[in-house]
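Subject: Structure for your review

Dear colleague,

Please find the structure below, handed over for your study. A summary of what was found in it follows.

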Amino acid sequence: MTTSAPDLPKDQYVFIRKLQQGLRLAIGSVTPQPARELQMKDFEVKRVFGLEKYRDRDTSYQLPSWSFSDYAPRVFRHFRALFGVDAAGFLMSLCGDDCLVPMGSAGKSGCVFLRSADSRYI
């Protein structure tokens, strides 16, 4: 099952598309860097990407400008490599043409888990 804009409330769809845009930038920028041993300072890195507003290609929704924070990118790249997760396949699952799919309701905390449309990642 895939999820598209009409299947989700507009605010949830816009959030998911912005999240996918941030993931593309974050993972795409760390992947080309040469591999090396992790250092303690790698756990303290925080990168912030400023994202300009744009019109979503699948809908008429205007996505406002916002920022995306990426914590310890080299550490998470290392974990993906340890578990044999290919960066290109990972990005295609999370940021391909299909929207991420909310799992269940937000509950009392308001938090929602998302899964990739192919159900490979949560």
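Phe68 has a relative accessibility of 10%, so this residue counts as buried. Please keep in mind that the model is a predicted one.

Phe68 also takes part in a ring contact. The structure contains three aromatic pairs. In one of them, Trp66 and Phe68 meet edge-to-face, with 6.1 Å from centre to centre and 90° between the planes. Another pair joins Phe90 and Tyr121: their ring centres are 4.9 Å apart and their planes stand at 85°, so this pair is edge-to-face as well. Phe90 belongs to helix 3, whereas Tyr121 lies in the segment after strand 6 (113-115), so the pair ties together parts that are 31 residues apart in sequence.

Are the two partners of this pair buried or exposed? The cut-off for a buried residue is a relative accessible area under 20%. Phe90, at 13%, is therefore buried, and Tyr121, at 16%, is buried too.

The next topic is the nonpolar core. In soluble globular proteins, nonpolar side chains tend to be buried together. Here the largest nonpolar core has 17 residues, and those that touch the most other members are Ile16, Leu23, Phe68 and Leu94. Helix 1, strand 1 and helix 3 are the elements that each give two or more residues to this core. Helix 1 supplies the largest share, with five residues. Leaving aside residues up to four places away in sequence, Leu23 touches Gly28, Phe68, Leu91, Leu94 and Cys95.

Helix 2 deserves a separate look. Which of its residues are buried? In this helix, which spans residues 73-82, they are Pro73, Arg74, Val75, Arg77 and Arg80. Their cover includes helix 1 (10-30), strand 1 (46-51), strand 4 (66-71) and helix 3 (87-95). Just after helix 2, Gly84 adopts a positive phi of about 70°.

Phe76 is also located in helix 2. Its relative accessible area is 45%; a residue counts as partly exposed between the limits of 20% and 50%, so Phe76 falls in that class. Together with Phe79, Leu82 and Phe83, Phe76 makes a nonpolar surface patch of about 480 Å².

When you open the model, you may wish to begin with Phe68, which is both a partner of Trp66 in an aromatic pair and one of the core residues that touch the most other members.

With kind regards

Conventions: Residues are numbered from 1 along each chain as its sequence is written. This is a predicted model: local features need pLDDT of at least 70, side-chain atom pairs count only at pLDDT 80 or more; totals for chains, interfaces and linings use all residues. Side-chain values use heavy atoms; hydrogens and water are left out. Buried means under 20% relative accessible area, exposed over 50%, partly exposed in between (1.4 Å probe, protein chains only). Helices (H or I, at least four residues) and strands (E, at least two) are DSSP runs, numbered from the N terminus. Contact means heavy atoms within 4.5 Å. Rings of Phe, Tyr and Trp (its six-membered ring) pair if their centres lie within 6.5 Å; planes under 30 degrees apart count as stacked, over 60 as edge-to-face and the rest as tilted. A nonpolar core is a set of buried Ala, Val, Leu, Ile, Met, Phe, Trp, Tyr and Cys residues joined through side-chain atoms within 4.5 Å. Patches are made of residues with over 30% relative accessible area and no salt bridge: like charges are joined within 9 Å, nonpolar side chains (Val, Leu, Ile, Met, Phe, Trp, Tyr) within 5 Å. Accessible areas come from the Shrake-Rupley method with a 1.4 Å probe; for residues, only the protein chains shown count as cover. A salt bridge is a side-chain nitrogen of Lys or Arg within 4 Å of a carboxyl oxygen of Asp or Glu.
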